[in-house]
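The following exercises concern charged side chains and their pairing. Please work through each task before reading its solution.

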Amino acid sequence: DFLDLMANRWGLREATSLADIGCGLCHWSRLLYPYLRAPARFAGVDREKRWVAEAARNFRCAFPQVPPDLLTIVQGDATEIPLPSDSYDVVTCQTVLMHLAQPAAALREMLRIVRPGGLLVCVEPNNFWNYLTFTSLTAKEPVEVLVRRFEFWLRYHRGKAGAGEGDHTIGDLLPGALAEAGLTDIAVHLSDRAPALFPPYDTAAQQALVQQGKQWKESATGPWDRAELRRYVLGGGGTDELFERTFGELVGEFNREQRAIAAGTFHAGFGGVTYLVSGRKA
């Protein structure tokens with residue numbers, strides 16, 4: 001229902017071509033493509049060779065009726081897109097700019113391939129907020145602990161961006177970036193989904209969240225890669241003392257959270273912030 005609403009707002013049913021930059025397995029573009037007016041052209045671009053091959057298979061499997069000459073799925077970089085200028089009604093990316101050292105260069109490239117009057121749609125988060133949401137365990141924690149945690153994750157994000165390894169708060173800056181790039185009819189919306197957890201945690205989405213959290217912790221990946229966390233926190237101006245103390249507190253909080261989930265007492269709204277920002281090429 002949310003996609004129906006956004007398709008109406010973006011006028012997707014009037015478009016006959018779509019390009020997805022950083023397409024991965026085409027999860028995002030396979031959702032958007034059915035809204036286009038048939039027969040519609042599609043182009044997917046990703047820098048990872050393995051994703052290109054799988055994306056092509058996934059797209060053709062989802063839309064076997066589409067003639068091969070309407071599909072272009074190629075390897076390429078978001079800052080050097082191997083597609084012609086002024087050629088697509090809609091150009092989009094989803095959680096791509098947040099990983100780039102030069103997001104402005106990627107925006108310029110995406111705008112280049114949009115036809116005059118066409119639409120650019122960028123879907124990007126502010127993932128910093130995800131670390132600050134209150135849960136049934138943290139709502140009454142001491143202010144000093146919460147402030148220290150705020151500094152820890154802010155240092156982390158500043159260090160990551162400073163190392164040229166992406167800005168996970170970029171969603172907040174997208175409207176201004178599109179305005180600076182000269183787009184018109186800029187519109188800003190928020191995803192209406194929240195990955196809430198509450199007992200008995202029996203939906204598929206909730207089970208996936210619980211399992212993912214355990215997997216990250218057990219494998220020391222994602223938010224539990226200690227060496228990477230330390231590098232970014234210190235790179236963002238943090239101290240060894242801040243890192244060691246806060247990391248220990250985070251481990252303790254995770255263990256308390258797991259015990260509360262097992263007891264059926266943990267709950268949180270987890271309202272992440274994901275922006276859907278669009279604008280038209282003059």
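**Exercise 1.** In this predicted model, determine whether Arg-148 is buried or exposed, and identify the residue with which Arg-148 forms a salt bridge.

*Solution.* Step 1: the relative accessible area of Arg-148 is 15%. Step 2: buried means under 20%, so Arg-148 is buried. Step 3: the salt-bridge partner is Glu-249, with 2.5 Å between the closest N and O atoms. Step 4: Glu-249 belongs to helix H9 (residues 240-263) and Arg-148 to helix H5 (residues 143-162), so that distant parts of the chain, 101 residues apart, are linked.

**Exercise 2.** Establish which parts of the chain the salt bridge between Glu-253 and Arg-149 ties together, and classify the burial of Glu-253 and of Arg-149.

*Solution.* Step 1: the closest N and O atoms of Glu-253 and Arg-149 are 3.4 Å apart. Step 2: because Glu-253 lies in helix H9 and Arg-149 in helix H5, the pair joins parts separated by 104 residues in sequence. Step 3: Glu-253 has a relative accessible area of 13% and is buried; Arg-149, at 7%, is buried as well. Step 4: Glu-253 and Arg-149 are linked with Glu-141 and Arg-256 in a network of salt bridges.

**Exercise 3.** Describe the salt bridge between Arg-231 and Glu-165.

*Solution.* Step 1: the closest N and O atoms are 3.2 Å apart. Step 2: Arg-231 is in helix H8 (residues 226-235), whereas Glu-165 is in the loop between H5 and helix H6 (174-180), 66 residues apart. Step 3: Arg-231 is partly exposed at 44% relative accessibility, and Glu-165 is partly exposed at 30%.

Terms used
Residues numbered from 1 in each chain as written. Predicted model: local features only at pLDDT ≥ 70, side-chain atom pairs only at ≥ 80, totals over all residues. Heavy atoms only, no water. Salt bridge = Lys/Arg side-chain N within 4 Å of Asp/Glu carboxyl O. Helix = DSSP H or I, 4+ residues; strand = E, 2+ residues; numbered from the N terminus. Buried < 20%, exposed > 50% of the residue type's maximum accessible area, 1.4 Å probe, protein only.
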